[in-house]
Each structure stands twice: as structure tokens, then as C-alpha cells.
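Trainee: Could you walk me through how the labels on a model like this are earned?
Mentor: Happily! Let us look at it together.

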Amino acid sequence: MSKVNAKIKTQDEFLEGLNEYARLRVRQMGVEAEQAAEKQAMMARHAAEWGPLEKARKSLKAVLATFAKNMRDRLLPDGRKSVNFALGIFGYETTPEKLVNITKFKEAELAEKLYKLEGLDECVTVSYSLNKEAIKRLLKGDSMAAQTLAHYFERETSEQFIVYANAELKGEK
């Protein structure tokens, strides 16, 4: 696909490689824009049909659920959870168990209380993470904190090669 050799020997070949890279990226951006436009158009074409179908389906399900709740013993005999019908299945499925906080405490406050109670510390997960921005800021100074942190960290920067097509920099698609 590329016109440029895998090994570049001259500055002219390098410049041609950059130009080829930019041309490839512009073509790629065109494909991305076309994909996005097609997806948007498809969504717009089907939105008018999908919305009313979804509303009707949800409304009917609510009516069916009310009837099923009132007639559960007859519709699902012998404690059955579900029954097949011509076009599908209906019934009930048990949702995964969840915990409901019945106190006035927020989760963090409740975790702290449980952690302090004997035998309940296993119910709490304590985690620590580094505030890397604060560490970088403190390392720039000469405080005692900076001296301590210098035993554990050093600041480092690096450079990486970049190539952008002009269209990319302008935000064109």
C-alpha cells in the first residue's frame, strides 16, 4: 500500500514517507466520517419506527405483568417459574441478591463503622492509591517531604515521535 520503502535512507525519502503517512491518515479519516454519517442516517431512518414500537411493547408488558401477578397460581401451576407459549416464554426470574442500606449513613460512613466493629472488618475493603500529581508537585521542591519522596520516586519525561496530517490538526473529516 505504501509507496515508501521500509528503510529510509535520505531526507527526501523521509519527507515522502511523511507525505504518504498524511495521505493514508486523510483517507482513513474519510472512511471514519463516512461510517459515522451512515450510522447516523441509519439511526434517523429507523428512529420513527423504533420509538413507537418500544413504547407499545413496554406498555403491553406492564398490562401483562399485572394480569400475571393476579393470576400467577393459575398461569404458573405447581410453583413453576416460567411457561412456554407459541412465540416465546413468560414467567419470573429471580434477580441477583443485592444489599439495601436501611440506615441513614452513607456507604463510606457505614464502612468505617463496620471496620471498627469486632468480627465485621472482613465486610470492608480498604484500598490505598498514590496521588501522583501531589507527588510530582512535592518532588519539585526541597522540603523534607520532597527528600523523603526522592528515596522512592524520580521525575521522568520522554519524547515520542508524532505525525499528524494537516486535516487531523484542523479537525476536518
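Mentor: We start with a definition: buried means under 20% relative accessible area, exposed means over 50%, and partly exposed lies in between. Keep in mind that this is a predicted model.

Trainee: Then why is F90 called partly exposed?
Mentor: F90 has a relative accessible area of 29%. Buried needs a value under 20% and exposed one over 50%, so F90 falls in between and is partly exposed.

Trainee: What makes F85 partly exposed?
Mentor: The reasoning is alike: F85 has a relative accessible area of 44%. That value is in between the two cut-offs, so F85 is partly exposed.

Trainee: How do you know that the rings of F85 and F90 are a pair, and why is the pair called tilted?
Mentor: Ring centres must lie within 6.5 Å to pair, and those of F85 and F90 are 6.4 Å apart. Planes under 30 degrees apart count as stacked and over 60 as edge-to-face. The planes here are at 45 degrees, so the pair is tilted. By this rule the count comes to 2 aromatic pairs.

Trainee: What makes strand 1 and strand 2 a pair of strands?
Mentor: Pairing takes at least two bridges, and 4 bridges join strand 1 (residues 82–85) to strand 2 (residues 88–91), so these strands pair. They run antiparallel, and a hairpin of 2 residues joins them. Across the strands, V83 stands opposite F90, while N84 stands opposite I89.

Trainee: How do you know that the charged end of R72 sits over the ring of Y92?
Mentor: The distance is one part of the test: the charged end of R72 is 3.9 Å from the ring centre of Y92, and the limit is within 6 Å. The direction must also be within 35 degrees of the ring normal. R72 is listed as sitting over the ring, so both conditions are met.

Trainee: Which residues of helix 1 are buried?
Mentor: G17, E20, R25, M29, E54 and A68 are buried there. The buried residues of helix 1 pack against helix 2 (72–75) and helix 6 (166–170).

Trainee: And why is A62 called partly exposed?
Mentor: A62, also in helix 1, has 44% relative accessibility. This is neither under 20% nor over 50%, so A62 counts as partly exposed.

Trainee: Where is the kink in helix 1 centred?
Mentor: The kink, of about 50 degrees, is centred on A47. Helix 1 covers residues 11–70 and reaches 81 Å from its first C-alpha to its last, close to the 88 Å expected.

Technical notes
Residues numbered from 1 in each chain as written. Predicted model: local features only at pLDDT ≥ 70, side-chain atom pairs only at ≥ 80, totals over all residues. Heavy atoms only, no water. Phe/Tyr/Trp six-rings, centres within 6.5 Å; stacked < 30°, edge-to-face > 60°. Buried < 20%, exposed > 50% of the residue type's maximum accessible area, 1.4 Å probe, protein only. Expected span 1.5 Å × (residues − 1). Bend = angle between axes of the 7 residues up to and from the residue. Contact = heavy atoms within 4.5 Å.
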